[in-house]
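Here is a short report for a reader new to this structure. Look at the sequence and the model first, then read on.

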Amino acid sequence: MNIENAQKQVDDWIKNHGVRYFNELTNMAQLTEEVGEVARIIARRYGEQSEKESDKNKDLGEELADVLFVVLCLANQTGIDLQDAFEKKLDIKTKRDHDRHHNNQKLK
């Protein structure tokens, strides 16, 4: 699946299962909440904090998918072709960062 198809799938889901998109501000708040859930899992599972018993069954992939879903919602409702935007960003990063990262002594 490419990003364009994912945006269409989310739009179809909203049309068939949701009433409408939440407004952009609500979706931004929801995105922040979902990113926080990802951060909690990573901090406790891979960081130095101990993992609470209630967090041990949390699925990181599911939480990352929640983040992606809301990002796709925001792109749809603001008219962003995320496939195009991602390809442009990847090109910029490739040109800008290739030598920078290869020459970074911290990464060796």
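## Around Ile-41

This is a predicted model. Ile-41 is in contact with Tyr-46, Lys-58, Asp-59, Leu-60 and Glu-63, leaving aside its neighbours within four places in sequence.

## Two nonpolar cores

Ile-41 also belongs to the largest nonpolar core. This core has 7 residues in all: Leu-31, Val-38, Ile-41, Leu-60, Val-67, Val-70 and Leu-74. Which elements give two or more residues to this core? They are helix H2, residues 24–45, and helix H3, residues 60–77. H3 gives the most, with 4 residues.

There is also a second, separate core. It has 6 residues, including Val-10, Ile-14, Tyr-21 and Cys-73.

## Asn-27 in helix H2

Asn-27 sits in helix H2. Is Asn-27 buried or exposed? Its relative accessibility is 2%, so Asn-27 counts as buried. The cut-off for buried is under 20%.

What does Asn-27 touch, neighbours within four places in sequence left aside? Asn-27 is in contact with Phe-22, Val-70, Cys-73, Leu-74 and Gln-77. Among these, Val-70 and Leu-74 are part of the largest nonpolar core. Cys-73 is part of the second core.

## The annotated domain

An unreviewed UniProt entry carries the annotation "domain: NTP pyrophosphohydrolase MazG-like". The annotation covers residues 23–99.

Over residues 23–99 the chain is 75% helix and 0% strand. The end C-alpha atoms of this stretch are 41 Å apart.

Key
Residues numbered from 1 in each chain as written. Predicted model: local features only at pLDDT ≥ 70, side-chain atom pairs only at ≥ 80, totals over all residues. Heavy atoms only, no water. Core = buried A, V, L, I, M, F, W, Y, C linked by side-chain atoms within 4.5 Å. Buried < 20%, exposed > 50% of the residue type's maximum accessible area, 1.4 Å probe, protein only. Contact = heavy atoms within 4.5 Å. UniProt positions renumbered as here; feature names shortened; annotations may be inferred.
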